[in-house]
Amino acid sequence: MKTIDYYNIHSDQFAKSTFNVDMESLYHPFLAHLPSTARILDLGCGSGRDSLAFKKKGYEVDAWDYSEELVKKAHELTGINVRHQSFYDLDDVERYNGIWACASLLHCERDRLAEVLQKILCALKPNGVIYMSFKYGDSDRDKDGRKFTDLDENQADALLEQFDNVQQIKQWVTLDQRPDRQEKWLNLLWKKYV
């Protein structure tokens, strides 16, 4: 099974298990660096939970997901015309003040992470901010038909060093907020400079 098949088959279950997670503590550091008129891309939006939250806070939101079923769910939830597209295909130039990649780049192939991050940086306006989260660890693994690229602090630092025009604002570890999970997450907040 491919990762994308998992999300198409289990879209209902995935949406139900993630929708009610309280994300405010993660939104705050990201939004604190954005203007009130910011345009945000929710890259790998899943059920649309975060897109909806940003829309309710008054931001202009674009949303993408590679799962056709989750695109449908996110559109129904948010009213946004969610694009069925992969992060590998991002080709915008200086369009966004912020890019939110919550639990999405963890499905990027490790040897393509720098390539995708370059695309993200290209899509950010000067002084734009990216938030991304990965399951905490240092391996590539398969679980329940999904491929994961885990990341730890050393790997994140090595990734950051590949870019000249980026500064890390914050890096922190959190526990999964879902009641049946004990996993740790590595959260990264980077800022693009001119």
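**Exercise 1.** Find the partner of lysine 72 in a salt bridge, and say how exposed the two residues are.

*Step 1.* Start with the cut-off: a salt bridge needs a side-chain nitrogen of Lys or Arg within 4 Å of a carboxyl oxygen of Asp or Glu. Lysine 72 meets this with glutamate 69, where the closest N and O atoms are 3.1 Å apart.

*Step 2.* Now place the two. Both sit in helix α5 (residues 68-78), 3 residues apart, about one turn of the helix. Helices here are DSSP runs of H or I with at least four residues, strands are runs of E with at least two, and both are numbered from the N terminus.

*Step 3.* Check the exposure. Buried means under 20% relative accessible area, exposed means over 50%, and partly exposed is in between (1.4 Å probe, protein chains only). Lysine 72 has 46%, so it is partly exposed, and glutamate 69 is partly exposed as well, at 28%.

A word on the model: it is predicted, so local features need pLDDT of at least 70 and side-chain atom pairs count only at pLDDT 80 or more, while totals for chains, interfaces and linings use all residues. Residues are numbered from 1 along each chain as its sequence is written, and side-chain values use heavy atoms, with hydrogens and water left out.

**Exercise 2.** Find what arginine 110 and arginine 112 pair with.

*Step 1.* Arginine 110 forms a salt bridge with aspartate 140, with 2.7 Å between the closest N and O atoms. This pair links distant parts of the chain: arginine 110 is in the loop between β4 and α6, and aspartate 140 is in strand β6 (residues 140-143), 30 residues away.

*Step 2.* Arginine 112 has a salt bridge too, to glutamate 115, at 2.8 Å. Arginine 112 also lies over the face of tyrosine 88, 3.9 Å from the ring centre. For that label, NZ of Lys or CZ of Arg must be within 6 Å of the ring centre and within 35 degrees of the ring normal.

*Step 3.* Zoom out: the whole structure has 11 salt bridges, and a network of them links Arg39, Glu60, Asp62 and Arg95.

**Exercise 3.** Work out why cysteine 45 and cysteine 102 don't form a disulfide.

*Step 1.* A disulfide is a pair of cysteine sulfur atoms within 2.5 Å.

*Step 2.* The sulfur of cysteine 45 has its closest cysteine sulfur in cysteine 102, but that's 11 Å away, so it is too far for a bond.

*Step 3.* Searching the whole structure gives 0 disulfides. Cysteine 45 is buried at 7% relative accessible area, and cysteine 102 is buried at 11%.

**Exercise 4.** Describe the largest nonpolar core and the surroundings of methionine 132.

*Step 1.* A nonpolar core is a set of buried Ala, Val, Leu, Ile, Met, Phe, Trp, Tyr and Cys residues joined through side-chain atoms within 4.5 Å. The largest one has 33 residues, and those with the most contacts inside it are Leu105, Leu117, Ile120, Met132 and Trp190.

*Step 2.* Which element gives the most to this core? That's α6, with 6 residues.

*Step 3.* Contact means heavy atoms within 4.5 Å. Leaving out residues up to four places away in sequence, methionine 132 touches Ala101, Leu105, Leu117, Leu186, Asn187, Leu188 and Trp190.

*Step 4.* Apart from the largest core lies another, of 25 residues, including Ala63, Val82, Trp100 and Trp172.
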